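Open your viewer and get ready to click along. We will begin with the chain as a whole and then stop at a few residues.

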Amino acid sequence: LGYSGKLCIHPDQVGLANEAFRPSDNEIEWANRVVSAYSIALSEGKAAIQVDGEMIDEPVFRRAKALLE
């Protein structure tokens, strides 16, 4: 979503913020597939590939890595 953090002014808000901004299991699985496939492609000298019918290039790879981090 473009956020690098969330401000909570009360401890009760932390759980809600985590729930709202945590990636879903499907998003994590997608990111793992993208990072794995693109890392292999880079070692083969490729700059763009397809994963699940979606074009993957450097910006998409970086987004997937950031999601996993």
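## A walk along the chain

Start by selecting the charged side chains of the protein chain: 7 are positive and 11 are negative, and the centres of these two sets lie 4 Å apart. Keep in mind on this tour that you are looking at a predicted model.

Now switch to a cartoon view. You should find three helices and two strands in the protein chain. Following the sequence from its start, they come in the pattern α-α-β-β-α.

Next, show the C-alpha atoms alone and turn the model around. Along the principal axes, these atoms fill a box of roughly 50 × 20 × 15 Å. How does the radius of gyration of the protein chain compare with that of a compact globule of 69 residues? The protein chain has 15 Å, whereas such a globule would have a radius near 11 Å.

Turn on the surface. The accessible surface of the protein chain is about 5,400 Å², and carbon and sulfur atoms account for 53% of that. Of the 69 residues, 19% are buried. For contacts in the protein chain with a separation of 6 or more, 39% are between residues 24 or more positions apart.

**First stop: Ala-20.** Select residues 12-21 to light up helix H1, where Ala-20 is found. Is Ala-20 buried or exposed? Its relative accessible area is 56%, and exposed means over 50%, so Ala-20 counts as exposed. Now add Ala-66 to your selection and draw a distance between the two C-alpha atoms: Ala-20 and Ala-66 are 46 residues apart in sequence and 17 Å apart in space.

**Second stop: Asn-32.** Move on to helix H2, residues 25-43, which holds Asn-32. With a relative accessibility of 41%, Asn-32 counts as partly exposed, because this class lies between the 20% and 50% limits. Try another distance here, this time to Gln-13. The two residues are 19 residues apart along the chain, and their C-alpha atoms are separated by 29 Å.

**Third stop: Asp-52.** Select strand E1 (49-51) and strand E2 (54-56), then look at the loop between them to find Asp-52. Asp-52 is exposed, with a relative accessible area of 55%. Which backbone angle should you check at this residue? Look at phi: for Asp-52 it is near 55°, a positive value in a residue other than glycine.

To finish, return to the cartoon view and trace the α-α-β-β-α pattern once more.

Methods. Residues numbered from 1 in each chain as written. Predicted model: local features only at pLDDT ≥ 70, side-chain atom pairs only at ≥ 80, totals over all residues. Heavy atoms only, no water. Helix = DSSP H or I, 4+ residues; strand = E, 2+ residues; numbered from the N terminus. Rg over C-alpha atoms; globule rule 2.2 N^0.38 Å. Buried < 20%, exposed > 50% of the residue type's maximum accessible area, 1.4 Å probe, protein only. Contact = heavy atoms within 4.5 Å. Areas by Shrake-Rupley, 256 points an atom, 1.4 Å probe, with all protein chains shown as cover. Lys, Arg positive; Asp, Glu negative; His and termini not counted. Charge placed at Lys NZ, Arg CZ, Asp CG, Glu CD.
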